[in-house]
Amino acid sequence: MFEINREAWGVVLVSPSHPALLRENGTYTLGTCDDRAKEIYINDTLDDFMLKKVLCHEIVHAAMFSYNV
């Protein structure tokens with residue numbers, strides 16, 4: 001768990017077919033940021049390099065949500 005602009009965010013590793021990773025077009029993504037739940041969901045099968053890359057990407061989304069950007 002971490003804070004951005006006094007908002008607590010969590011990170012959850014989930015299976016590649018978890019509903020949180022399902023896009024509107026029916027494909028699955030590697031990670032997603034849920035502003036309402038204040039959770040970042042990351043595919044749990046990623047290697048360390050991709051995990052760090054996707055997590056950094058999703059943290060940027062969390063910052064944008066937290067600062068209304």
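Is Asn 43 buried or exposed? In this predicted model, Asn 43 is buried, with a relative accessible area of 7%. The residue belongs to strand β4, which pairs with β3 in the antiparallel sense. The buried residues of helix α1 pack against β4 as well as against β1, β2 and β3. The points below treat the strands, the helix, the cysteines and two residues with positive phi.

**Strand β4: Asn 43 and Ile 42**

- The side chain of Asn 43 is joined to that of Thr 45 by a polar contact of 2.6 Å.
- Apart from neighbours within four places in sequence, Asn 43 is in contact with Val 14, Pro 16, Leu 21 and Leu 30.
- Ile 42 also has its place in strand β4, and this residue is buried with a relative accessible area of 0%.
- With neighbours within four places in sequence left aside, the contacts of Ile 42 include Val 11, Val 12, Leu 13 and Val 14. Its other contacts include Leu 30 and Gly 31, together with Leu 51, Val 54, Leu 55 and Glu 58.
- Ile 42 and Pro 16 are 26 residues apart along the chain, and 8.3 Å separates their C-alpha atoms.

**The β3-β4 hairpin**

- Strands β3 (31-34) and β4 (39-43) pair over 4 bridges in the antiparallel sense.
- Within this pairing, Gly 31 stands opposite Ile 42.
- The two strands form a hairpin with 4 residues between them. In the turn, Lys 38 has a positive phi of about 55°.
- In a regular strand, side chains alternate between the two faces of the sheet. Along β3, Gly 31 and Cys 33 point to one face and are buried, whereas Thr 32 and Asp 34 point to the other and are not buried.

**Helix α1**

- Helix α1 comprises 19 residues, from 48 to 66. The distance from its first C-alpha to its last is 26 Å, close to the 27 Å expected at 1.5 Å a residue.
- The buried residues of the helix are Val 54, Glu 58, Ala 62 and Ser 66. Seen down the axis of α1, they fall within an arc of 120°, so they line one face of the helix.
- An α-helix has 3.6 residues a turn, so residues three or four places apart point the same way.
- On the face turned away from the buried side, α1 carries the exposed residues Phe 49, Lys 52, Lys 53 and Cys 56.
- The N-terminal end of α1 is capped by Asp 47, with a side-chain oxygen 3.2 Å from the backbone nitrogen of Phe 49.

**Cysteines**

- The structure holds 0 disulfides. Cys 33 is in no disulfide, and the nearest cysteine sulfur, that of Cys 56, is 13 Å away.
- Why is the sulfur of Cys 56 not in a bond with that of Cys 33? The two sulfurs are 13 Å apart, which is too far for a bond.
- Cys 33 is buried, with a relative accessible area of 13%, whereas Cys 56 is among the exposed residues of α1.

**Positive phi at Arg 6 and Asn 68**

- Arg 6 lies in the loop between β1 and β2. Although Arg 6 is not a glycine, its phi is positive, at about 65°.
- With a relative accessible area of 76%, Arg 6 is exposed.
- Asn 68 is located in the segment after α1. Asn 68 is a residue other than glycine, and its phi is a positive value near 55°.
- Asn 68 counts as exposed, at 74% relative accessibility.

Technical notes. Residues are numbered from 1 along each chain as its sequence is written. This is a predicted model: local features need pLDDT of at least 70, side-chain atom pairs count only at pLDDT 80 or more; totals for chains, interfaces and linings use all residues. Side-chain values use heavy atoms; hydrogens and water are left out. The expected span of a helix is 1.5 Å times one less than its number of residues. Buried means under 20% relative accessible area, exposed over 50%, partly exposed in between (1.4 Å probe, protein chains only). The arc is that of the directions from the helix axis to the C-beta atoms. Contact means heavy atoms within 4.5 Å. A polar contact is a pair of N or O atoms within 3.5 Å; within protein, one must be able to donate a hydrogen and the other to accept it, and residues adjacent in sequence count only if both atoms are side-chain atoms. Two strands pair if DSSP finds at least two bridges between them. A disulfide is a pair of cysteine sulfur atoms within 2.5 Å.
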